[in-house]
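Hello,

Here is the structure I said I would pass on. My notes on what was found in it follow below.

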Amino acid sequence: MVSIDEKRVYGDKTGQTTAYVAAGQGVASVSVSADRVGQYGIDHECTALDVAATDGQLAVATPGDVLVKDEESYDPVGFGPAVAVGFDGDALVAVAPDWSVARATETDEWTTVGTVGSPVRAVDGDLIAAEDGVYRLADGELAHSGLDDARDVSAAGTPLAGTGEGLFELGAGWMKQIRGECALVGAARDTPPGELDRAHAATAETCYVHSDGEWTPISVPADGAVADVGYGDEAVYFVTGDGTFLADAGDGWRSQPLGLTEVGGVAVP
């Protein structure tokens, strides 16, 4: 088996970005130039429950195994069934159906770091969102980090958590920023620690962008609720639960229905 660390997704060097969407039909690839959607379609047929990316790498959680993509294929890496995936630095993190959490190094050796006490909903960096709150990976261990009913987490820049009560930022404890059920949070991977250069959040009714130190409502032309957010060099990408892909490179949103159902997330290597 090829090492996880050796598997790389090499993008087009002509200004195009490829985003990957996890869905019930499989992993869809979407070619985007700034905010213009080009070709899109199923890149790999499977039941894709979650998708995550770091620099040059893409991982997918499926009921059979965690898959890692290289240029030609999606290959299983020996974890087994997974409900969520993420990257903590260069380490791949996966969550099993029993909510046990493991990390894989470049040698493809999985190390179980603990078990979450309730259903896991999202993984990002060293943060895990679960029904009973936020968990954090530190020094090879898993510990509860507060809150309750966590729906989503973001580890880049200032840690964020979306819960059934609202959006929280981690400072001197978890501090509420937005009231209302918050199912989506995200920030660009290149956001400096302690800052929120490019960050978004969404409740069932409203999407927000972090701007000038404040969370500001924005208008998004989508019928369905936004399910996930991803970031390219030039644009921000939303995907909705009903399979609509949206891109904004600074001149407003463009949308493209992808014909997907059971959307589990979007990731940009």
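**Contacts and overall build**

In this protein, 41% of the contacts with a separation of 6 or more are between residues 24 or more positions apart. Please keep in mind that this is a predicted model.

The protein has 28 strands and zero helices. Its radius of gyration is 17 Å, which agrees with the value near 18 Å for a compact globule of 269 residues. Along the principal axes, the C-alpha atoms fill a box of roughly 45 × 45 × 30 Å. Of the 269 residues, 52% are buried.

On the outside, the accessible surface is about 11,800 Å², and carbon and sulfur atoms account for 43% of that. There are 14 positive and 45 negative charges, and the mean positions of the two sets lie 3 Å apart.

In the interior, the largest nonpolar core has 16 residues, and V21, Y237, F245 and L260 touch the most other members. Strands β1 (17-23), β2 (26-33), β25 (236-240) and β26 (244-248) each contribute at least two residues to this core. A second, separate core has 15 residues, among them A52, A61, F79 and A104. Nonpolar side chains tend to be buried together in soluble globular proteins.

Setting aside neighbours within four places in sequence, the contacts of Y237 include T17, V32, D228, F245 and V268.

One more residue to look at is T54, in strand β4 (residues 50-54). T54 counts as buried because its relative accessibility is 11%, below the 20% cut-off. Beyond its neighbours within four places in sequence, T54 is in contact with F87, G89, R189 and P269.

Regards

Technical notes: Residues are numbered from 1 along each chain as its sequence is written. This is a predicted model: local features need pLDDT of at least 70, side-chain atom pairs count only at pLDDT 80 or more; totals for chains, interfaces and linings use all residues. Side-chain values use heavy atoms; hydrogens and water are left out. Helices (H or I, at least four residues) and strands (E, at least two) are DSSP runs, numbered from the N terminus. Buried means under 20% relative accessible area, exposed over 50%, partly exposed in between (1.4 Å probe, protein chains only). Contact means heavy atoms within 4.5 Å. A nonpolar core is a set of buried Ala, Val, Leu, Ile, Met, Phe, Trp, Tyr and Cys residues joined through side-chain atoms within 4.5 Å. The radius of gyration is taken over C-alpha atoms; the globule rule is 2.2 Å times the number of residues to the power 0.38. Accessible areas come from the Shrake-Rupley method with a 1.4 Å probe; for residues, only the protein chains shown count as cover. Lys and Arg count as positive and Asp and Glu as negative; His and the chain ends are not counted. The place of a charge is taken as NZ of Lys, CZ of Arg, CG of Asp or CD of Glu.
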